[in-house]
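Take a moment to look over the chain and turn it around on your screen. We'll begin with one residue and then zoom out.

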Amino acid sequence: MAEKPVAIITGGSRGIGKGIALKLAELGYNIVINYASNKEAAEETKQQIPSLSVECATQQADISSNRDRQSIKELTRDTFGRCDLLVNNAGVAPLARADILEATEESFERVLNINLKGPYFLTQSIANWMIEQKKRFPDRAFRIINISSISAYTSSPSRGEYCVSKAGISMMTALYADRLAEYGIVVFEVRPGIIATDMTSTVKEKYDKLIAEGLTPIKRWGEPEDVGKAVAAIAEGRLDFCTGQIINVDGGFHLKRL
Ligand SMILES: NC(=O)c1ccc[n+]([C@@H]2O[C@H](COP(=O)([O-])OP(=O)(O)OC[C@H]3O[C@@H](n4cnc5c(N)ncnc54)[C@H](OP(=O)(O)O)[C@@H]3O)[C@@H](O)[C@H]2O)c1
């Protein structure tokens, strides 16, 4: 059984998930990188991790599928024998932005299945395993971190299904923080703002302009590493009495200003 703590990062192959994986590896976590289909990106991230003196396993799995979610747990159990930290990061934007008066049920179901149902039931599955582990190893710390978005509370009527999915992640965080406290498992929401990844590459010019005009008090794009650092602060255990807390990683976007 691995002596080092183990972190599962969904969507850990690229973008924000990769930023998180690299920071957790620096902290000494063995890493399980889940991805949907881009094996090349997952292997490239994996190759960067041994230089940090930890081990890394990759697992293709669609988090919206029950069977695939079980495969993430089985791979982690078979490879490392433990899971100390789950980071629910994988998520998608709608395939096409569409006005809420026109948008389809098909897109709603796709986005909600991946962004909310997937993490909701992966958390259920991993939390039950963490409860078992806590009974056997009471001195170990177990944590769950959900990556939501400023879209949890910011209206974008051209991608309503995405906003609804992220608002759901906020409530999911509260529910699991409440339910798992008695087992010593803490749960957090990390809420990124505008972060430079493939997801935002299609709207780069729009956000370049908005940021330059002062949309965020800190006038720059966020980087995956910014989110990785916030996750690392939680993973180090410095916030363990703050279960249920929301960490805004948004350059101050959430501030109300006059
Ligand atoms: N970028 C932003 O500005 C921003 C802001 C706020 C919140 N977020 C949130 O942060 C998270 C990461 O976003 P990102 O910008 O890093 O996205 P990204 O660059 O598009 O990367 C998405 C990651 O999720 C994986 N993924 C997608 N669908 C999946 C599925 N069904 N099952 C398993 N893995 C899946 C992808 O795997 P493949 O590589 O195989 O496709 C990839 O690793 C998302 O939850 C997103 O909503 C992003």
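Is L239 buried, exposed or partly exposed?

## Starting with L239

Keep in mind that this is a predicted model. L239 turns out to be partly exposed: its relative accessible area is 23%, and a residue has to be under 20% to count as buried. To find L239, look in the loop that runs between α8 (224-235) and β7 (246-249).

What does L239 touch, once its neighbours within four places in sequence are left aside? The partners are F188, I234 and I247. For a sense of distance, try R136: L239 and R136 sit 103 residues apart in sequence, and their C-alpha atoms are 23 Å apart in space.

## The chain as a whole

Now zoom out. You can trace eight helices and seven strands along the chain. The radius of gyration is 18 Å, close to the 18 Å that the globule rule gives for 258 residues, so the chain is as compact as a globular protein of that length. Along the principal axes, the C-alpha atoms fill a box of roughly 50 × 40 × 35 Å.

How much of the chain is tucked away? Of the 258 residues, 53% count as buried. Then there's the question of who meets whom: take the contacts between residues at least 6 apart in sequence, and 74% of them join residues at least 24 apart.

## Two nonpolar cores

Here's a handy rule of thumb: in soluble globular proteins, nonpolar side chains tend to be buried together. In this model, the largest nonpolar core has 31 residues, and the members that touch the most others are I8, L86, I126, M130, I144, L180 and I185. Two or more residues each come from β1 (6-9), α3 (66-79), α4 (105-136), β5 (142-147), α5 (160-180) and β6 (185-192). The top contributor is α4, with nine residues.

Let's pick out I185. Skipping neighbours within four places in sequence, I185 is in contact with A127, M130, I131, F142, R143, I144 and L180. There's also a second, separate core of 30 residues, and L24, I33, L85 and A235 are among them.

## Surface and charges

Finally, the outside. About 12700 Å² of the chain is exposed, and carbon and sulfur atoms supply 52% of that area.

How far apart are the mean positions of the positive and negative charges? The chain has 32 positive and 32 negative charges, and their mean positions are 3 Å apart.

Note on methods:
Residues are numbered from 1 along each chain as its sequence is written. This is a predicted model: local features need pLDDT of at least 70, side-chain atom pairs count only at pLDDT 80 or more; totals for chains, interfaces and linings use all residues. Side-chain values use heavy atoms; hydrogens and water are left out. A nonpolar core is a set of buried Ala, Val, Leu, Ile, Met, Phe, Trp, Tyr and Cys residues joined through side-chain atoms within 4.5 Å. Buried means under 20% relative accessible area, exposed over 50%, partly exposed in between (1.4 Å probe, protein chains only). Helices (H or I, at least four residues) and strands (E, at least two) are DSSP runs, numbered from the N terminus. Contact means heavy atoms within 4.5 Å. The radius of gyration is taken over C-alpha atoms; the globule rule is 2.2 Å times the number of residues to the power 0.38. Accessible areas come from the Shrake-Rupley method with a 1.4 Å probe; for residues, only the protein chains shown count as cover. Lys and Arg count as positive and Asp and Glu as negative; His and the chain ends are not counted. The place of a charge is taken as NZ of Lys, CZ of Arg, CG of Asp or CD of Glu.
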